[in-house]
Amino acid sequence: MRLNGVCIRKKWTFRGGRRMTKEQFVAELEQQLQDISYDERQAALRYYEEYFDEAGQDSEVVNQLESPEEIARAIKEDLDIKLQMVRNSVERKTMDSGEKS
């Protein structure tokens, strides 16, 4: 579930049943995002770090979020959709300019 662009879920714990800290969460998210561009990865990490800062108690915030794996998957899906939209736009412009010739 998404709320204001943030993946929300009730009660998520770290492997082994321990609750994850903010630092562990961000480190895991960064690891999951290694295959996207540096700028996109930094933007995502900055977004979640700011989310933690604004929300307050780290442990409560982490428990409300989806797992880093789920968030990374959602971010990558969003990037894929944006990339496809750009490709479609370029193709339309190319076809339009070809028709005018």
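The exercises below, each with a worked solution, concern a predicted model of one protein chain.

**Exercise 1. Fold outline**

Determine how many helices and strands the chain has, and in what order they run.

Solution. The secondary structure comprises four helices and two strands. Read from the N terminus, the order of elements is β-β-α-α-α-α. Of the 101 residues in the chain, 31% are buried. Taking contacts between residues at least 6 apart in sequence, 69% join residues at least 24 apart.

**Exercise 2. Confidence**

Find which element has the lowest mean pLDDT and which the highest.

Solution. Start with the chain: its average pLDDT is 78, and 75% of the residues score at least 70. Next, go to the elements. Strand β1 (residues 2-3) has the lowest mean, 41, and α1 has the highest, 91. Finally, look at residues 1-12, where pLDDT stays under 50. For this stretch the model has 41 contacts beyond four places in sequence.

**Exercise 3. Packing of α1 and α2**

Work out how α1 and α2 are oriented to each other, parallel or antiparallel, and which residues make the contact.

Solution. Helix α1 covers residues 22-32 and helix α2 covers residues 38-55. They pack at an angle of about 165°, and their axes are 10 Å apart. Angles over 145 degrees count as roughly antiparallel, and α1 and α2 are therefore roughly antiparallel to each other. The crossing of α1 and α2 is right-handed. On the α1 side the contact is made by K22, F25, V26, L29 and E30. On the α2 side it is made by R41, Q42, L45, Y48, E49, F52 and D53. Sorted by class, the contact has six nonpolar, one polar and five charged residues.

**Exercise 4. Residue R19**

Locate R19 in the chain and decide how its accessibility is classed.

Solution. R19 lies in the loop between β2 (6-7) and α1. The relative accessibility of R19 is 45%, and partly exposed lies between the limits of 20% and 50%. R19 therefore counts as partly exposed. As a last step, take V62, which is 43 residues from R19 along the chain. The C-alpha atoms of R19 and V62 are separated by 8.0 Å.

Methods:
Residues are numbered from 1 along each chain as its sequence is written. This is a predicted model: local features need pLDDT of at least 70, side-chain atom pairs count only at pLDDT 80 or more; totals for chains, interfaces and linings use all residues. Side-chain values use heavy atoms; hydrogens and water are left out. Axes are lines fitted to C-alpha atoms, for helices over the stretch in contact, and angles run from 0 to 180 degrees between N-to-C directions. Angles under 35 degrees count as roughly parallel, over 145 as roughly antiparallel, 65 to 115 as roughly perpendicular and the rest as oblique. A crossing is left-handed if the near helix is turned anticlockwise from the far one by less than a right angle, and right-handed if clockwise. Contact means heavy atoms within 4.5 Å. Ala, Val, Leu, Ile, Met, Phe, Trp, Tyr, Cys and Pro count as nonpolar, Asp, Glu, Lys and Arg as charged, and the others, Gly among them, as polar. pLDDT is the predictor's confidence in each residue, from 0 to 100. Buried means under 20% relative accessible area, exposed over 50%, partly exposed in between (1.4 Å probe, protein chains only).
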